[in-house]
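Me: Could you take one part of this model and go through it closely, working outward from there to whatever surrounds it? I would like a careful, connected account that I can follow while looking at the structure.

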Amino acid sequence: MLAGMSETPPPSYYGSPQQGPDPTPQPRPDGSGAGRSRGTGLAVGVLVGALLLGGAAGVGGAAAYDQWWDDDNGASSAPDRSTPSRSDTDSAGSDASMEGVEGVAEEVLPSVVRIDVRTSGGGGSGSGIVLTETGRILTNNHVIEGASGDGEITVSFSDGTRASAEVLGADPLTDTAVIQAEDVSGQTPATIGNSNDLRVGQPVVAIGSPFGLDATVTYGIVSALGRPVNVGAADNAGNTTTYPAIQTDAAINPGNSGGPLVDLDGRVVGINSSIRTASDSSSGQAGSIGLGFAIPIDDILPIIDQMAKGETPTHARLGVQVTDAATAGDSDALGALIRSVTPGSSAAKAGLEDGDIITGIDGQPIDSADDLVATVRTYRPGDEVELTYERDGKEESTQLVLDSDADSD
């Protein structure tokens with residue numbers, strides 16, 4: 001469920017309060033995305049069933065955002081990843097002192113905001129991460145998507161400043177958005193860490209406004225990495241919101257969406273976005289059971305850059321429609337079974353065919369359709385990858401250059 005916004009959420013979602021008809025397409029009972037029949041979309045549900053979209057929570061870290069996305073020029077150079085950590089044992093996932101968590105909270109709270117959305121049909125709240133001194137903010141798409149049309153967005157900063165905001169860009173496929181607060185200055189940008197350096201068992205901290213309780217700090221560990229999460233939402237073309245999530249047991253609840261997940265150096269390593277619940281709640285406000293999911297920051301930095309510049313976000317594209325091989329009945333192999341190949345796509349040029357089962361990308365095993373979608377979205381258009389697949393019981397491999405969805409209809 002998305003840990004986010006809505007007083008009357010659809011059955012499978014956590015939402016930040018948003019009354020009236022829910023604009024998000026509903027997942028099918030079999031877990032596939034928004035009204036699309038099994039095998040016709042790129043992804044089928046691995047973690048759809050009880051996933052809820054989240055609200056606000058998080059903290060931020062090491063290389064300041066405005067060093068590489070400058071307000072004036074949209075910027076460029078990558079952040080310095082070499083900043084020494086407070087404690088090598090803490091970064092390795094050993095027991096962390098509460099004093100360390102207190103220091104993280106003190107450092108990061110000024111970079112976390114509450115976002116309130118008001119529409120003619122209701123309203124809701126979530127969280128965001130301050131990116132620049134002048135009020136550029138990163139959040140989840142599902143936090144602000146209700147503001148399209150007649151909606152209004154208000155940002156509340158830690159120093160008591162409140163400001164209206166406009167959407168610079170939004171990306172349903174990665175569930176991210178960038179907004180700009182109006183007429184503010186002197187805010188504290190979060191610093192950006194490196195999610196690729198995370199290790200299972202490493203301590204992390206989340207800060208946000210669960211159930212409207214501002215500046216709430218929770219602490220836990222990285223429970224798993226690269227967890228394929230499909231929240232069931234989709235864009236207008238039916239492509240699902242699927243990403244390779246950081247799983248954490250730090251408590252994430254409604255109102256935590258869009259807030260940062262940070263390491264013990266106060267660096268943003270992820271954006272808290274969804275949680276799994278034991279069962280649906282009649283009120284739609286079920287709480288955390290220790291299964292929270294954050295979007296890895298490294299995977300979305302190019303997307304953030306595009307949105308901040310007002311550009312349409314682009315994503316890597318393989319050019320196949322797949323389903324889970326394990327449930328298709330065609331093979332005993334784990335992987336993503338190709339149902340169709342788009343003519344002229346990278347997959348077609350590489351000779352992939354209907355019925356092939358994709359089992360790996362660059363040596364990383366692919367166990368399902370969602371796994372394939374999530375993995376492809378960690379790449380950028382134009383990246384070259386090695387694809388492993390099974391055809392007629394025999395393993396094959398091929399090199400191909402990923403397409404861009406900007407080239408598709």
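Reply: Arginine 136 stands opposite glutamine 180 in strand 9, and strand 6, residues 136-139, is a good place to begin. The model is predicted, with local features given only at pLDDT of at least 70 and side-chain atom pairs only at pLDDT 80 or more, while totals for chains, interfaces and linings use all residues. Residues are numbered from 1 along each chain as its sequence is written, and side-chain values use heavy atoms, with hydrogens and water left out.

Helices and strands here are DSSP runs numbered from the N terminus, the helices being H or I over at least four residues and the strands E over at least two. Strands count as paired if DSSP finds at least two bridges between them. On one side, strand 6 pairs in the antiparallel sense with strand 9 (residues 176-181) over 4 bridges; its pairing with strand 5 (residues 122-130) is also antiparallel, over 2 bridges, with leucine 138 as the bridge partner of isoleucine 129. Strands 5 and 6 form a hairpin with 5 residues between the strands, in which glycine 135 takes a positive phi near 90 degrees.

In a regular strand the side chains alternate between the two faces of the sheet. In strand 6 both faces are covered, since Arg136 and Leu138 on one side and Ile137 and Thr139 on the other are all buried. Buried is used for a relative accessible area under 20%, exposed for over 50% and partly exposed for values in between, with a 1.4 Å probe and protein chains only.

Strand 6 belongs to a barrel that 6 strands close in the order 4-5-6-9-8-7, with antiparallel pairing. From one strand to the next the twist averages 40 degrees, where axes are lines fitted to C-alpha atoms (for helices over the stretch in contact) and angles run from 0 to 180 degrees between N-to-C directions. Further along this order, strand 4 (residues 112-119) is joined to strand 5 by 8 bridges and runs antiparallel to it; there arginine 118 stands opposite glycine 123.

Strand 5 also holds serine 125, which is buried, with a relative accessible area of 9%. The side chain of serine 125 makes a polar contact of 3.5 Å with the side chain of arginine 114; such a contact is a pair of N or O atoms within 3.5 Å, where within protein one must be able to donate a hydrogen and the other to accept it, and residues adjacent in sequence count only if both atoms are side-chain atoms. Serine 125 and valine 155 are 30 residues apart in sequence, and their C-alpha atoms lie 9.7 Å apart in space.

Returning to strand 9, the loop between it and strand 8 (162-171) contains aspartate 175. Aspartate 175 has a positive phi of about 55 degrees although it is not a glycine, and it is buried, with a relative accessible area of 3%. Aspartate 392, in the loop between strand 22 (384-391) and strand 23 (394-401), likewise has a positive phi, near 55 degrees, but this aspartate 392 is exposed, at a relative accessible area of 81%. Strands 22 and 23 form a hairpin with 2 residues between them, and they pair in the antiparallel sense over 8 bridges.

The neighbour of aspartate 175 in sequence leads to an enclosed space. A cavity is a set of points, on a 1 Å grid over the protein atoms alone, where a 1.4 Å probe fits but cannot get out, and lining residues have an atom within 4 Å of a point. Grid points are joined across faces, edges and corners, and a volume is the space filled by probe spheres set on the points. The largest cavity has a volume of about 120 Å³; of the 16 residues that line it, Thr174, Asp299, Ile300, Ile303 and Arg377 are the closest to its centre. Strand 13 (240-248), strand 16 (292-296) and helix 4 (297-308) each supply at least two lining residues. Helix 4 is largely enclosed by the rest of the structure, because 11 of its 12 residues are buried.

Conventions. 1 Å grid on protein atoms, 1.4 Å probe; cavity = no way out; pocket = protein on both sides within 12 Å on 5 of 7 lines; lining within 4 Å.
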